[in-house]
Amino acid sequence: MRCRAFCGFGNPRYSRLGRPRYAALGFVQESAPMQKRTTKSTNVFTLGHSPDPDDAFMFYAMAENKIDLRGYRFEHRLEDIQTLNERALRGELHISAISIHAYAHVGSKYALLPCGASMGDGYGPIVIRKRPTPNVQRPTFNQDSTQESAARDFLAGKRIAVPGTMTSAFLALQLFLGEFDCVVVPFDQIFDAVRTGRADVGLIIHEGQLTYEKSGFEKIVDLGKWWKEQTGLPLPLGGNVVRKDIPKPVRHDLSEIIRESIDYGLAHREEAVRHSLPYARDMDAKLAGKFIGMYVNEFTRDYGEIGRDAIRRFLAEAYNKGYTDVPVEVSFVE
């Protein structure tokens, strides 16, 4: 893998993504580096998650005090997933959404919560290219075994715009393709990177999975569909983690609160979707509801044995192919 940074994740232009909306929606934006913030109360916890409709849906009840928070208080930190992954490496946040790929590198600091998963069950991150003009002949990809081979041949030597090298989408592409040339681009700028030629193709996450066609692109491969066909399992993309230095009874409380928040959103779907709409870039209410339904479901309430098996298989494949350095012991809060 040769990967360059373009407008990288430390860039302020990117890290401020969506922040003007946060306070109005019940979220607290960070005003100082985490290392400089202190609190006298052990009942105040920093909670990191993405500025996306599925995460907003999950944490709606907590942000708006719709459920009993059991005396705890949560300061929400909204960051893109690659930034959250990097912060988890440093152990900065008490609770955080991270990529399952990143969990391979933070398991000594964090345990996975059994709730809050984003699983692609037969769907997931998509590799896209610009839609060809009618007079240009290029291969089409229907995603059977023959077309998978054609997709790999097409992608060989291409520069691929990716949303971060610690994302699960990036690891899934490594498992599909092997080594490749890439450029790191903020996830919401990948279409532009492909459109302007900074990259030949792009790896799309979040709402781009539903909007790529209307934006003038076509699919080369759906990595969630490929993974399901290969393994019979959903593709584990994201999860929530909690720091291991928090006492076990408190970790259990935090897990239950987050599960109750997810349950509240599912039971009050219309109001939770409405709360999430300001995060739904390029999506109307119907499309945002569809996206939320893809990634907030029974796996989100609890991984279950299937979800747990999917994580173990995903990270075992990464280790077996040399994409992670050590075998991963998957640890859940029970």
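Counting ring pairs in this predicted model gives eleven aromatic pairs. One of them joins Y60 and Y264, whose ring centres sit 6.2 Å apart with 50 degrees between the planes, which puts the pair in the tilted class. Y60 belongs to helix α2 and Y264 to helix α10, so this pair ties together parts of the chain that are 204 residues apart in sequence. Both partners are covered: Y60 counts as buried at 7% relative accessibility, and Y264 is buried too, with a relative accessible area of 16%. Elsewhere, ring pairs link F176, W226, W227 and F314 into a cluster.

Some overall numbers help to place these rings. The protein has 334 residues, and 58% of them are buried. Its secondary structure comes to 14 helices and twelve strands. Take the contacts with a separation of 6 or more: 77% of them are between residues 24 or more positions apart.

Helix α2, the home of Y60, deserves a paragraph of its own. Eleven of its eleven residues are buried, so the helix is largely enclosed by the rest of the structure. That list runs P53, D54, D55, A56, F57, M58, F59, Y60, A61, M62 and A63, with two aspartates next to each other in sequence among the buried positions. Just after α2, N65 takes a positive phi of about 55 degrees.

What does α2 connect? Strand β3, residues 73-78, is mostly covered, with five of its six residues buried. Strand β2 (residues 44-49) runs parallel to β3, and six bridges join the two. Within this pairing, F45 has F74 in β3 as its bridge partner. The chain gets from β2 to β3 by way of α2 (residues 53-63), and the resulting β-α-β crossover is right-handed.

Contacts to α2 also come from strand β6. S118 is found in that strand, which spans residues 118-120, and is buried with a relative accessible area of 11%. Leaving aside neighbours within four places in sequence, S118 is in contact with D54 and M58, and also with L235, P236, L237, G238 and Y295. D54 and M58 are both among the buried residues of α2.

Helix α11 (residues 269-276) is a case of a helix with two sides. Its buried residues are A272, V273, H275 and S276. Seen down the axis of α11, these fall within an arc of 155 degrees, so they line one face of the helix. On the other side, E270 and R274 are exposed. What covers the buried residues of α11 includes α2, along with α10 (248-267) and α12 (285-295).

Turning to the nonpolar interior, the largest core holds 62 residues, and those with the most contacts inside it are L112, L173, F176 and F314. Helix α6 (residues 168-177) supplies the largest share of this core, with eight residues. A second, separate core has 29 residues, including F45, I95, L113 and I246. F45 is thus listed in this second core, besides being the bridge partner of F74. F176 and F314, for their part, also appear in the ring cluster with W226 and W227.

Which residues does L173 touch? Not counting residues up to four places away in sequence, they are V127, I160, G178, F180, L203 and L223. L173 and D222 are 49 residues apart in sequence, yet 9.7 Å apart in space, C-alpha to C-alpha. D222 is found in strand β11, residues 217-222, and is itself buried, with a relative accessible area of 8%.

A172 also has its place in helix α6. At 1% relative accessibility, A172 counts as buried. With neighbours within four places in sequence left aside, A172 is in contact with L223, W226, L235 and F314. W226 and F314 are both members of the ring cluster, and L223 is also touched by L173, while L235 is also in contact with S118. From A172 to P236 there are 64 residues in sequence and 9.5 Å in space, C-alpha to C-alpha; P236 is another of the residues in contact with S118.

Technical notes. Residues are numbered from 1 along each chain as its sequence is written. This is a predicted model: local features need pLDDT of at least 70, side-chain atom pairs count only at pLDDT 80 or more; totals for chains, interfaces and linings use all residues. Side-chain values use heavy atoms; hydrogens and water are left out. Buried means under 20% relative accessible area, exposed over 50%, partly exposed in between (1.4 Å probe, protein chains only). Helices (H or I, at least four residues) and strands (E, at least two) are DSSP runs, numbered from the N terminus. Two strands pair if DSSP finds at least two bridges between them. A crossover is right-handed if, with the strands pointing away from the viewer, the path from the first strand over the helix to the second runs clockwise. A nonpolar core is a set of buried Ala, Val, Leu, Ile, Met, Phe, Trp, Tyr and Cys residues joined through side-chain atoms within 4.5 Å. Contact means heavy atoms within 4.5 Å. The arc is that of the directions from the helix axis to the C-beta atoms. Rings of Phe, Tyr and Trp (its six-membered ring) pair if their centres lie within 6.5 Å; planes under 30 degrees apart count as stacked, over 60 as edge-to-face and the rest as tilted.
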